[in-house]
Structure formats: C-alpha cells, structure tokens
Amino acid sequence: MASKMEFGPRRASYQVITETMGKGPLGPAELAAFERYDLIYRSLCAVLFNYVPTSGHPGGSISSGRFVAGLAFSALDYDFADPERDDNDLISYAAGHKAMGLYAMWALRNEVARLAAPGLLPTDLRRQLRMEDLLGFRRNPATTLPLFTQHKAKALDGHPTPTMPFLRLATGASGVGVASSVGLAFGARDAFGADAPRVHLVEGEGGMTPGRVVEAMAAASASGLDNCFLHVDWNQASIDSNRVCREGAAPGDYVQWDPRELAWLHDWNLIEVADGFDLQQVHAAQAAALAMANGQPTAVVYRTVKGWQYGIEGRGSHGAGHKFCSDEFYATIAPLFAGSGLTPPRCAANDSAEAKEACYWETLLAIRTLIGREDGMLKTLGARLAAAQQRLNTRGRKLRAGAGDIAALHAAAKSAPIEIPAEIAPKI
C-alpha cells in the first residue's frame, strides 16, 4: 500500500473564505459602488493599452483590480493626503507587469478624492497621480507631445518605480518584487516594532516561481513577519502558458505546486478565495487576513481569469490586447458608456501622434465626466478614504526606541571629511 505524506504541524491557519464569511461584509450601496468602480477601472486599463498605443499588460491588471480596490478603500490604514508618512500601510506592486493597473487604480482613486474628499488631495502635484498623468503612460520624459507638455504629465515607466505616490520600491523581473517587498516589511517591523505598518504585496502565481521567492517566504515565516500580506492573482496564465501551476492531476508547465500549497508549505496563514471576482468574498478575505493574530505572515489567494471581461483571456492578454481603435476595443468599453450620451472618439492607425494624443485625452475626459456623475460611488469611496486616514491617526504608530535614522546617516556622511585609506588610495 502506498504511503501518504502530510504536512507537519503548522503555526499558521487556513481558511476557505466561503465557509467562514457568512453573508459578506458589503451592504447593497457599497457593493454597487465597488462594482461601478471596477467597471471604470477595467475600461481605463483598456484605454491605456489602446492609446499608448497597444503597449502594456492588460490581462493581469484587469484580473487583479477587484482585490486591489479592496485594499485601497477597505484594508489599508493610510493618509491619502500624505503619501510619504512613514506609518502608512503600503501596497507594493511585486508584479511589475501590472503597472498599467497600478496607474489606472491610482488615477481613479485620485479622481474619487478630488471630487468627494478634496481636503485629502495633496497640493503638491508630485504627490498625486492624476488622470492627466495617464497621458505619460510608457512615455519618455523627453516627450514633446503637446498635451503631455501642457498638462505637465508624469512619464510613467513600464514597471512600478518609487516616483509614484505611496510606492517605496521598483519592481520588474519575476521574483524581485516579492523578495524586495518582504524586505520592506522587515524594515517596517524593525522601525516600528509590534504595531508596524502592514505591507500588502500584489503578485501573480507566475511571479512566485523564481527561487528567490521561496527564500523570501521562508525568511518571513521563520521570523514571524505578521505585517506581511501576499495577495496572489492566481489566473494560471503567463506569456506562453495557460497552465503555469499544477492543477489537479494536470502537471503545470512551470511548477508542480499551486500558490496555496506554496504558502501553506512555508507556514503562512492561507485564505482561499474561490472566486476572485466576487466582491463579498474579496472583502471578507481581506478582513479575515487583518484579523489574524498568530504571528505569521498571511497569503490571500484569489482565483481569477486573466483578461476577465476584456474580450481576450489567458495568455493572449498577458502583454497584448485589442488592435488600435478596433471594433473589439470599443466593444470592451461600451458597457461603461452605455446610456451616458457620451461617445468615445475614434482614431485611425495612420493618424499623427498628435491626433492620437488628442483622441486619447478626449476619451479620458469622457471618463472623467462619467465619474463626476457617480454620486453614490463617490460618496461611499470618498468616505472610505477619510476613514483610512482616521484609522491611521487613531493607531498612533510610533518609531521604536533606538530605531535606525537614515536621515542622520545621510547627514553624517555629508559632513564627514573624505579620507581614503592609504591601502586603497589610487597611485598617480
């Protein structure tokens, strides 16, 4: 008879959220607000890909949008008015390919603040990511297009960088983001002690396949890094496969585990979300993650479909999408504009760069107009931004005694005389 091997004792806990959530945490008005927000977000991702033109990664940006919105408006304690506050909870985009989603989410959240909570809007434009800045998606700082110049748009890199408000890390190649984000959580714990800012990592299963991720997960678990939360967009698709991980009896093309097994193996708390597009499951799972009190890091694994409702699914939407201003593109954004009386403009592939930029800006302005009509969504989500600031202020996080002071280090280095030891001094 074949032997059966089982995991040994775990310090962590495991939940299937549909078995523990009850009816779900969102009321009807809240549910409607998040549904509408996600439709705008997904449409904005489609617009970004179309007008760059045809550049970026729409699939994973779209599939992760619902759980990132949950983090931004429900799970995090942070001050939208002050992105540089040391005690802010953070989202770290370990998944560099989701930069399109990052920019769309940040710009849309900024619109919510501008219209519903203007007192939270930073006055320094460098600390905002505005709708105008989307004109700079994948543009070089030397770009001279007229609207980019007129609106002083930021040049938005193809991967996340710390030039964005609330971001502390640059991420890109698979595996780099998880390991560096775990390091960020270690730094927060070292600086603040027990009530450290929480670091929420956004990643897909493909980005968890490099070995450095395993090392980082092992270190986090062994150290009891309970301010570290990994949110996994498990969509099974990469640039060349629709079966990254093993699934049931079918072997994976990349690895022979799934992200739930990897987290549980490394003694992380595990919360399984069977439908990552069910907003009640998403919000319940994030609340459950924050309620963990066993000293272990937590992974929330959301089962999703890459390119959900975009018209292209799976690996076909990984780094590709609809052709420029195609009928398929307009069909994708049609639900957003239905019944609005607004008609998004059309451009041709042979139009000038200036004409395409004007078409792009007109589309963004139409979306801005639609957002301004969403009174219920704005009231609900604007209140949540204010509540996030209040929660942070109430926590009163303080740097621990003896915490490192990087400013003092820089000051000391600046004032210290430069003396090169004789042993390594250059011989002239």
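Me: I'd like to start with strand E5. Which way do Asn269, Ile271 and Val273 point from E5, and which way do Leu270 and Glu272 point?

Reply: Good place to begin, and keep in mind that this is a predicted model. In a regular strand, side chains alternate between the two faces of the sheet. Here Asn269, Ile271 and Val273 point one way from E5, while Leu270 and Glu272 point the other way, and all are buried. The strand is mostly covered, with five of its five residues buried.

Me: Where does E5 sit in the sheet, and what is the order of the strands?

Reply: Six strands make an open sheet, and their order is E1-E5-E6-E4-E3-E2, with parallel pairing. The edges are strand E1 (14-16) and strand E2 (90-92), each pairing on one side only. From one strand to the next, the twist averages 15 degrees.

Me: How many bridges join E1 to E5, and over how many do E5 and E6 pair?

Reply: E1 and E5 run parallel and are joined by three bridges; look for valine 16, which stands opposite glutamate 272 in E5. On the pairing with E6, strand E5 (residues 269-273) and strand E6 (residues 298-303) are parallel over five bridges. There, asparagine 269 stands opposite threonine 298 in E6.

Me: Which strands does helix H10 lie across?

Reply: Helix H10 (residues 279-291) lies across E1, strand E3 (199-204), strand E4 (228-234), E5 and E6. Its direction is at about 170 degrees to E5.

Me: Now helices against helices. How do the axes of H2 and H5 cross?

Reply: Two packed helices are described by the angle between their axes and the distance between the axes. For helix H2 (residues 28-51) and H5, the axes come within 9 Å and cross at roughly 130 degrees. H2 and H5 are therefore oblique to each other. The crossing of H2 past H5 is right-handed. Residues making the contact include Tyr37, Leu44 and Phe49 of H2, and Met100, Ala104 and Val112 of H5.

Me: One last residue: is arginine 130 buried or exposed?

Reply: Arginine 130 counts as buried because its relative accessibility is 12%, and the cut-off for buried is under 20%. You will find arginine 130 in the loop between helix H5 (99-116) and helix H6 (146-150).

Me: What does arginine 130 touch?

Reply: Leaving out residues up to four places away in sequence, arginine 130 touches Ala107, Asn110, Leu125, His151, Lys152 and Ala153. A polar atom of the arginine 130 side chain lies 3.2 Å from the backbone oxygen of lysine 152.

Note on methods. Residues are numbered from 1 along each chain as its sequence is written. This is a predicted model: local features need pLDDT of at least 70, side-chain atom pairs count only at pLDDT 80 or more; totals for chains, interfaces and linings use all residues. Side-chain values use heavy atoms; hydrogens and water are left out. Two strands pair if DSSP finds at least two bridges between them. Helices (H or I, at least four residues) and strands (E, at least two) are DSSP runs, numbered from the N terminus. Axes are lines fitted to C-alpha atoms, for helices over the stretch in contact, and angles run from 0 to 180 degrees between N-to-C directions. Contact means heavy atoms within 4.5 Å. Buried means under 20% relative accessible area, exposed over 50%, partly exposed in between (1.4 Å probe, protein chains only). A polar contact is a pair of N or O atoms within 3.5 Å; within protein, one must be able to donate a hydrogen and the other to accept it, and residues adjacent in sequence count only if both atoms are side-chain atoms. Angles under 35 degrees count as roughly parallel, over 145 as roughly antiparallel, 65 to 115 as roughly perpendicular and the rest as oblique. A crossing is left-handed if the near helix is turned anticlockwise from the far one by less than a right angle, and right-handed if clockwise.
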